[in-house]
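Please open the structure in a viewer and keep the sequence panel visible beside it. The tour below proceeds by selections, each followed by a description of what is found there.

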Amino acid sequence: MSKVVAVIGASSDPRKFGNRAVRAFRKQGYTVIPINPNETEVEGERAYASVLDYPGTIDEASVYVQPEIGVGVMDELKKKGIPVVWLNPGADGRAVIERARALGLETRVACSIIGVGESPSSY
């Protein structure tokens with residue numbers, strides 16, 4: 001069974017990293033759950049407003065939202081039981097990193113697209 005990743009800040013704009021990540025994780029065999037309250041679908045996948053709205057288990061989250069939004073998202077990840085969070089460049093504000101670590105999330109401060117063996121420029 002494939003790992004499930006939530007892409008927080010998923011976008012239907014193919015130029016945005018929140019879209020590139022959806023495609024990169026899917027290429028690596030992940031089940032991808034787009035999270036964005038302003039999208040209904042991203043790359044053919046149903047989008048959810050929050051990880052808390054998704055009925056299944058999620059293994060990892062990759063975050064592409066501004067730090068001021070991301071701080072609150074960390075609490076949702078914890079509540080949902082998502083153990084691993086990728087804080088991508090631009091989403092990796094100090095307060096977000098501190099909140100994720102304080103909640104006991106395995107915090108990866110890095111580009112998740114590179115982390116799964118892809119190149120952002122390929123998308």
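The model is a predicted one. Begin by selecting Glu 60 and Trp 86 and displaying their side chains, which are joined by a polar contact of 3.0 Å.

**Around Glu 60**

Keep Glu 60 selected. Is this residue buried or exposed? Its relative accessible area is 2%, and because the cut-off for a buried residue is under 20%, Glu 60 counts as buried. Next, display the residues that Glu 60 touches, leaving aside those up to four places away in sequence: Lys 3, Val 4, Val 5, Ala 6, Phe 25, Tyr 30, Ile 82, Val 84, Trp 86 and Arg 108.

**Strand β5**

Extend the selection to residues 60-63, the strand β5 in which Glu 60 is found. Two directions can be followed here: Glu 60 and Ser 62 point one way from β5, whereas Ala 61 and Val 63 point the other way. All four of these residues are buried.

**The neighbours of β5**

Add β1 (4-8) to the view. It runs parallel to β5, and 4 bridges join the two strands. To find one such position, select Ile 8, which stands opposite Val 63 of β5.

Now add β6 (84-87). This strand also runs parallel to β5, again joined by 4 bridges. Glu 60 stands opposite Val 84 of β6, and Val 63 has Leu 87 as its bridge partner there. Which residues of β6 lie on each side? Val 84 and Trp 86 are on one side, with Val 85 and Leu 87 on the other; all are buried, and both faces of the strand are thus covered.

**The whole sheet**

Select β2 (31-35) next. It pairs with β1 in the parallel sense over 5 bridges. Val 4 has Thr 31 of β2 as its bridge partner, and Ile 8 stands opposite Ile 35 in β2. Most of β2 is covered, with 4 of its 5 residues buried.

Display the sheet as a unit. How many strands form it, and in what order? There are 5, arranged as β2-β1-β5-β6-β7 in an open sheet with parallel pairing. The edges are β2 and β7 (106-109); each has a single partner strand, so one side of each is left without a neighbour in the sheet. On average, neighbouring strands are turned by 20° against each other, direction ignored.

**Helices α2 and α3**

With the sheet still shown, add α2. This helix packs on the sheet and touches β1, β5 and β6, its direction making about 160° with that of β6. Then add α3, which lies across β6 and β7 and runs at about 155° to β7.

Turn to the two helices together: α2 (residues 67-80) and α3 (residues 94-102) pack at an angle of about 5°, and their axes are 8 Å apart. Since angles under 35 degrees count as roughly parallel, α2 is roughly parallel to α3. To display the contact, select Pro 67, Gly 70, Val 71, Met 74 and Asp 75 of α2, together with Ala 95, Val 96, Arg 99 and Ala 100 of α3. By class, this contact has 6 nonpolar, 1 polar and 2 charged residues.

**Helix α1**

Move to α1 (residues 17-27), and select its buried residues: Gly 18, Asn 19, Arg 20, Ala 21, Val 22, Ala 24 and Phe 25. What do they pack against? Their partners are β1, β2, β3 (41-42), β5, β6 and α4 (112-115). Following α1 is Gly 29, whose phi is positive, near 95°.

**The loop at Glu 43**

For the last stop, select Glu 43, in the loop between β3 and β4 (45-46). Most residues other than glycine have a negative phi. In Glu 43, by contrast, phi is positive, near 50°. Its relative accessibility is 31%, and Glu 43 therefore counts as partly exposed.

Definitions and conventions: Residues numbered from 1 in each chain as written. Predicted model: local features only at pLDDT ≥ 70, side-chain atom pairs only at ≥ 80, totals over all residues. Heavy atoms only, no water. Buried < 20%, exposed > 50% of the residue type's maximum accessible area, 1.4 Å probe, protein only. Polar contact = N/O pair within 3.5 Å; in protein donor to acceptor, adjacent residues only side chain to side chain. Contact = heavy atoms within 4.5 Å. Axes fitted to C-alpha atoms, helices over the stretch in contact; angles between N-to-C directions. Parallel < 35°, antiparallel > 145°, perpendicular 65-115°, else oblique. Nonpolar A, V, L, I, M, F, W, Y, C, P; charged D, E, K, R; others polar. Pairing = 2+ DSSP bridges.
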